[in-house]
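Student: I've got a model open on my screen and I'd like to work through it with you. Can we take it piece by piece?

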Amino acid sequence: MNKLFTISIISSVLLSNSTNAIEISKHLSTTTEPVPKVRVNPKYPINAARNNREGWAKFSFIIEKDGSVSNVIDIDNSGSKDITLAAKKAVMKWQYEPAMENGEPIQQCVNNVQLDFRMHKDGTTEVTRKFNSTYKKAIKALEEKNYSEVDEYLASLKKIKYLHMSENNYLQLLQAQYAKDIGDDALQLSHLYKVNFIENEKNSKHALSILEQRFNLELKLNRLKQAYSTFKRMEKNPAAKPYLESYNAVIKRVDEFVNSDKDLVVSADIRNADYWQHSLVRNEFTLTSIKGKLSKMDIRCANKRHVYSIENNNTWQLPESWKQCHIFVFGENNATFNLVEHPFKV
């Protein structure tokens, strides 16, 4: 039985202080990839392979000074616990050449990886009868705006312990549409992030549709680093060619805003997980309007990592040497707050 593992490393980048939009774009699009020395392949779970079940899992991790991997955080997954566990076990065994600074090894603290478990190169579209039956009922209830029934069917679908990758995609798109109907932009975006698709010429229009939805929501919610990453993916999509000029015009306005003297406000809500995450585009920020309990904040930059306690209206100013900064804010379920990124200081 053919088992194909696709492994990609995605790094986010912090904007350094700049005086023009072109330089901002340059920094936003820069990536730094760790150099692997030993990369253990994950074992395809037996039960998943027998059922032709595919999936994926994405992690954030730290590369220590000795090249070992630590502090692995499960960022997202396709809903199959066995696949997520197998992927995490493999990542924890990886070894890297450590980053060097002034001749000394240092931590590499911004490292993201997504491991895809596929039985075939182009993936499968399999769904079980049980899933298909409940899914169709949920779609009908959503079309009729019978939200109480939608909730019941979604609860039933979520109880399925192991989902095929295609089932996960259908479920996430359904939940994204539900979130759109009830006007919850952040929830809609979180579900669109969980849709995993193969980007090729065959499904370029479908992929572009999902990416455009993400892009528009990221801009609306001030997730500007993510919006830029999505834009770079749209640029490569063959179906996007007629729209590239308008995309570039939008990105130019994003660049200008990032370098302006206006605060960048991002609303945060910790739900269905014990943390909220965000990629910074500036190096000074404040947490305000906190409701509920926040326990700690983990700031991971390219070569620095610090964990802080949190109080309302605390401000953090990160040194310019701290690049590619990404934050994880941990707290109780349904805790809310605002993250305010302040303008660059001239």
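Tutor: Sure, and one term before we start: strands here are DSSP runs of E, at least two residues long, numbered from the N terminus. Keep in mind too that this is a predicted model.

Student: Let's begin inside, then. Which strand gives the largest share of the lining of the largest cavity?

Tutor: The lining is made up of Ser60, Cys109, Val110, Asn112, Arg300, His326 and Phe328. Two elements give two or more residues to it, strand E8 (108-118) and strand E15 (326-331). The largest share is 3 residues, and it comes from E8.

Student: How do the residues of that lining divide into nonpolar, polar and charged?

Tutor: Cys, Val and Phe count as nonpolar, while Arg counts as charged. That fits the lining list, which includes Cys109, Val110, Phe328 and Arg300. The split comes out as 3 nonpolar, 3 polar and 1 charged.

Student: And what is the volume of the largest cavity?

Tutor: The structure holds 1 cavity of 30 Å³ or more. Its volume is about 30 Å³.

Student: Ser60 was in that lining. What is the bridge partner of Ser60 in E4?

Tutor: Strand E3 covers residues 55-63 and runs antiparallel to E4, with 6 bridges joining them. The two form a hairpin with 5 residues between them, and Gly67 in the turn has a positive phi of about 90°. In E4, Ser60 is bridged to Ile73.

Student: Is strand E4 largely enclosed or left open, and how many of its residues are buried?

Tutor: Buried means under 20% relative accessible area. Strand E4 spans residues 69-77, and it is largely enclosed by the rest of the structure because the buried residues number 7 of the 9.

Student: Arg300 was in the cavity lining as well. Which residue meets Arg300 in a salt bridge?

Tutor: Side chains of opposite charge can pair when their charged atoms come close. For Arg300 the N to O distance is 3.3 Å, and both members of the pair, Arg300 and Asp298, are buried. The partner is Asp298.

Student: Where does strand E12 sit in its sheet, that is, what is the order of the strands?

Tutor: Strand E12 covers residues 294-300 and is joined to E13 by 4 bridges, running antiparallel. One of the contacts there puts Ile299 opposite His306 of E13 as its bridge partner. At the edges are strand E10 (275-279) and strand E13 (305-308), each pairing on one side only. The open sheet has 4 strands, in the order E10-E15-E12-E13.

Student: There's another open sheet, with the order E9-E16-E11-E14. Which strands stand at its edges?

Tutor: Pairing in this sheet is antiparallel, and E11 (residues 284-291) pairs with E14 over 3 bridges. Phe285, for one, has Trp316 of E14 as its bridge partner. A strand with a single partner has one side left without a neighbour in the sheet, so the edges are strand E9 (264-269) and strand E14 (315-317).

Student: By how much are neighbouring strands of that sheet turned against each other on average?

Tutor: In the E10-E15-E12-E13 sheet, the twist averages 15° from one strand to the next. For the E9-E16-E11-E14 sheet, direction ignored, the average is 20°.

Student: On to the helices. Which residue forms a salt bridge with Lys145?

Tutor: Lys145 lies in the loop between helix H4 (129-143) and helix H5 (147-158), and the partner is in helix H6 (residues 165-181), so the pair ties together parts that are 36 residues apart in sequence. The closest N and O atoms are 3.8 Å apart, and the partner is Asp181.

Student: Is Lys145 buried or exposed?

Tutor: Lys145 has a positive phi of about 60° although it is not a glycine. Its relative accessible area is 53%, and the cut-off is over 50%, so Lys145 counts as exposed.

Student: Which residue meets Lys220 in a salt bridge?

Tutor: Lys220 belongs to helix H8 (residues 204-220), and its partner to helix H7 (residues 185-193), 35 residues apart. At 57% relative accessibility, Lys220 counts as exposed. The N to O distance is 2.9 Å, and the partner is Asp185.

Student: Last one: how many salt bridges does the structure hold?

Tutor: Besides the pairs, there is a network of salt bridges linking Asp184, Asp269 and Arg271. For the structure, the number is 12.

Technical notes. Residues are numbered from 1 along each chain as its sequence is written. This is a predicted model: local features need pLDDT of at least 70, side-chain atom pairs count only at pLDDT 80 or more; totals for chains, interfaces and linings use all residues. Side-chain values use heavy atoms; hydrogens and water are left out. Two strands pair if DSSP finds at least two bridges between them. Axes are lines fitted to C-alpha atoms, for helices over the stretch in contact, and angles run from 0 to 180 degrees between N-to-C directions. On a 1 Å grid over the protein atoms alone, a cavity is a set of points where a 1.4 Å probe fits but cannot get out, and a pocket is an open set with protein on both sides within 12 Å along at least five of seven lines; lining residues have an atom within 4 Å of a point. Grid points are joined across faces, edges and corners, and a volume is the space filled by probe spheres set on the points. Buried means under 20% relative accessible area, exposed over 50%, partly exposed in between (1.4 Å probe, protein chains only). A salt bridge is a side-chain nitrogen of Lys or Arg within 4 Å of a carboxyl oxygen of Asp or Glu.
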